[in-house]
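Reader: I have a model open on my screen and would like to learn how to read its features. Could you walk me through it?

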Amino acid sequence: MKVTTLISQEEISNKVNELALIISNDYAEKELLVVGILKGSFVFMADLIRNLSIPCRCDFVKLSSYGKETVSSGEVKMDLDISSRVEGENVLVVEDIVDTGLTLSKLKEILASRQPASLRVCAFLDKSSRRKVPVEIDYRGFEIPDKFVVGYGLDCDEQFRYLPYVGIIEEDS
Ligand code: PRP
């Protein structure tokens with residue numbers, strides 16, 4: 001299996017700085033609760049929060065979907081919930097990649113029912129050509145083609161999350 005670079009470490013770093021600046025401005029003088037979706041978002045979230053110029057609190061959820069690669073329901077369930085109180089909080093959900101949109105849409109529905117003061121989404125990668133349900137992304141890193149990508153938190157069978165860049169997997173011929 002070969003991995004070719006799609007987004008370099010430098011491009012990622014520039015984008016994270018850019019997003020962090022916008023988010024810091026938008027949430028200036030506000031309390032911010034950053035909620036990462038495990039596992040994929042942990043690398044992006046770690047870089048993003050360290051580039052914010054405002055304080056924030058961090059929490060994590062884990063969601064899994066059934067029948068993702070098949071034609072079945074695509075039902076999403078929550079495996080791990082945040083421990084933080086959401087009511088009245090400014091919540092920023094951090095996602096590594098939005099594909100069908102099912103994961104994010106389910107999480108937004110769950111968090112919205114807990115009456116946050118605000119609820120926004122920051123997604124590192126957007127594979128919008130694969131969308132099955134519409135979902136708004138407030139802060140977007142990169143739009144990417146419909147290719148299997150790994151690195152910077154994203155895996156292929158739990159491999160490659162550690163790569164500091166985003167690459168495309170290519171089968172050896
Ligand atoms: C990936 C990714 C998103 C989700 C996006 O998670 O991290 O959370 O899929 O897909 P969707 O838009 O089609 O719902 P995955 O289930 O691979 O788990 P992981 O983050 O632990 O790798």
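Author: Happily! Let's start with C156, which is found in the loop between strand 8 (149-150) and strand 9; helices (H or I, at least four residues) and strands (E, at least two) are DSSP runs numbered from the N terminus. This is a predicted model, where local features need pLDDT of at least 70 and side-chain atom pairs count only at pLDDT 80 or more, while totals for chains, interfaces and linings use all residues. Residues are numbered from 1 along each chain as its sequence is written, and side-chain values use heavy atoms, with hydrogens and water left out.

Reader: Is C156 buried or exposed?

Author: Buried means under 20% relative accessible area, exposed over 50%, and partly exposed in between (1.4 Å probe, protein chains only). C156 counts as buried because its relative accessibility is 18%. Leaving aside residues up to four places away in sequence, C156 touches F148, V150 and I169, where contact means heavy atoms within 4.5 Å.

Reader: How many disulfides are there?

Author: A disulfide is a covalent bond between the sulfur atoms of two cysteines. The search criterion is a pair of cysteine sulfur atoms within 2.5 Å. Across the whole structure, the search finds zero disulfides. C58, for instance, is in none, and its nearest cysteine sulfur, that of C56, is 4.2 Å away. C58 is partly exposed, since its relative accessible area is 36%.

Reader: How do I read a sheet, and which strands stand at the edges of the six-stranded one?

Author: Begin with pairing: two strands pair if DSSP finds at least two bridges between them. Here six strands form an open sheet in the order 4-3-2-5-6-7, with mixed pairing. Strand 4 (76-80) and strand 7 are at the edges; each has a single partner strand, so one side of each lacks a neighbour in the sheet. From one strand to the next, the twist averages 25 degrees. Within this sheet, strand 2 and strand 3 (residues 57-65) are parallel, paired over six bridges, and G36 has F60 in strand 3 as its bridge partner.

Reader: Which strands does helix 1 touch?

Author: Helix 1 packs on the sheet against strand 2, strand 5, strand 6 and strand 7, and its direction makes about 160 degrees with that of strand 7. Such axes are lines fitted to C-alpha atoms, for helices over the stretch in contact, and angles run from 0 to 180 degrees between N-to-C directions. Helix 3 (residues 102-112) lies across strand 2, strand 3, strand 4, strand 5 and strand 6, at about 170 degrees to strand 5.

Reader: And the other sheet: what is its strand order?

Author: This open sheet of three strands has the order 1-9-8 and antiparallel pairing. Two bridges join strand 8 to strand 9, with V149 standing opposite I168 in strand 9.

Reader: Which residues touch the most other members of the largest nonpolar core?

Author: In soluble globular proteins, nonpolar side chains tend to be buried together. A nonpolar core is a set of buried Ala, Val, Leu, Ile, Met, Phe, Trp, Tyr and Cys residues joined through side-chain atoms within 4.5 Å. The largest has 29 residues, and I23, F44, L48, C122 and L125 touch the most other members. Helix 1 supplies the largest share, five residues. A second, separate core of 18 residues includes I37, V86, V91 and I137.
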